[in-house]
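Let's take a walk through this one together. Have the sequence and the 3D view open side by side.

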Amino acid sequence: MGVNGTNEEATAAVTGAPETGPLVADCAVDAAGVFTVELDLPGGIAEGTARVLLRSRPRTGEQATDVTLETTPVPGRPGRVRARLPVEPVLAEGHWEVRLSCGGPALPVAAGVRDLRALVDRTPPASAGPLAVRVPYAGQEDRLMLRVWRREGHVEAGGLRLADGALTVRARLVGVAPEPGARVLLRRRGKGGPEHVVEPRTDADGGIVFTVELAALLEEEPPRAAYWDLFWLPSPTAPRIRISRLLDDVAERKRVFVYPHTRVAGHRVFPYYTVDNDLSIEVNAPAG
């Protein structure tokens with residue numbers, strides 16, 4: 001997907017009227033995950049007083065967390081500053097809003113150009129510790145947001161093929177060593193939902209391939225909608241790992257990737273990605 005954003009129009013909104021226009025920030029993420037933000041300061045704000053603030057979007061009952069980034073002047077661009085979020089610290093998984101702090105209340109920032117070319121089909125860095133993924137995106141009211149994932153182990157979903165009543169998935173293991181007895185687990189969402197286990201196989205590239213016979217998801221299914229979540233079980237005793245698609249430039253895959261459906265015993269069945277970019281399967285009840 002490459003470079004996203006509102007390009008020249010977003011830049012002109014700031015450059016032409018910084019005193020009254022909205023604050024618009026351009027950003028980029030490199031292959032190592034370093035997040036860089038640039039923006040023109042509002043009139044009357046000294047460069048040395050500005051900070052870029054990352055504020056987490058808390059869940060119910062939690063408190064927001066702030067991470068402050070120092071700014072430096074952009075050479076040859078008076079009034080324009082730059083801030084960098086290095087690989088460390090590893091932010092908590094979730095959504096982080098980008099704001100500008102100038103001594104008073106932090107100001108919201110709109111998303112400008114987002115250069116995400118380094119994220120397209122990237123290979124995760126071979127470093128110790130959890131996998132940390134950062135993808136900027138435009139949230140509500142075009143505000144600049146940073147989607148962060150943090151996974152101790154990860155299974156990256158690749159190609160999906162829906163044919164002949166079956167879904168075939170290719171995936172690769174990241175930070176997870178294949179072990180004897182590894183399986184794919186499908187669990188129907190909801191308390192006490194049934195489970196279905198699938199045997200994987202290894203492909204020529206060292207990844208895994210598995211095929212879900214969709215009729216198996218209907219054996220205990222009443223005629224109503226249901227959702228099945230896909231997990232990797234490294235071993236019979238290891239914690240399960242959600243199968244997801246995180247290693248590219250798409251922060252909200254559910255709105256972008258829409259897959260065709262197939263009919264199984266009168267039901268419409270199709271794969272989809274959740275709001276967290278996790279792979280699931282939806283079963284729709286037959287009409288009537």
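What follows goes from paired strands to a loop aspartate and then to the cysteines.

Keep in mind as you look around that this is a predicted model. A good place to start is strand E12, residues 154-163, which runs antiparallel to strand E13, residues 166-174, with eight bridges joining the two. To get your bearings on that pairing, find Leu160: its bridge partner in E13 is Val169. E12 and E13 make a hairpin, with just two residues between them. One thing to check in the turn is Asp164, whose phi is positive, at about 55 degrees.

E13 also pairs with strand E17, residues 208-213; that pairing is antiparallel too, and six bridges hold the count there. For a landmark here, look at Thr168, which sits opposite Thr211 in E17.

Now hop over to the loop that links strand E19 (241-244) and strand E20 (262-264), where you'll find Asp248. Is Asp248 buried or exposed? With a relative accessible area of 5%, Asp248 counts as buried, because the cut-off for that is under 20%. Its side chain reaches the backbone nitrogen of Val250 at 3.2 Å. Setting aside neighbours within four places in sequence, Asp248 is in contact with Leu119, Asp121, Val135 and Arg253.

Last stop, the cysteines. Cys27 is buried, at 5% relative accessible area, while Cys102 is partly exposed, at 22%. How many disulfides are there? The count comes to zero, taking a disulfide as a pair of cysteine sulfur atoms within 2.5 Å.

Key:
Residues numbered from 1 in each chain as written. Predicted model: local features only at pLDDT ≥ 70, side-chain atom pairs only at ≥ 80, totals over all residues. Heavy atoms only, no water. Buried < 20%, exposed > 50% of the residue type's maximum accessible area, 1.4 Å probe, protein only. Pairing = 2+ DSSP bridges. Helix = DSSP H or I, 4+ residues; strand = E, 2+ residues; numbered from the N terminus. Polar contact = N/O pair within 3.5 Å; in protein donor to acceptor, adjacent residues only side chain to side chain. Contact = heavy atoms within 4.5 Å.
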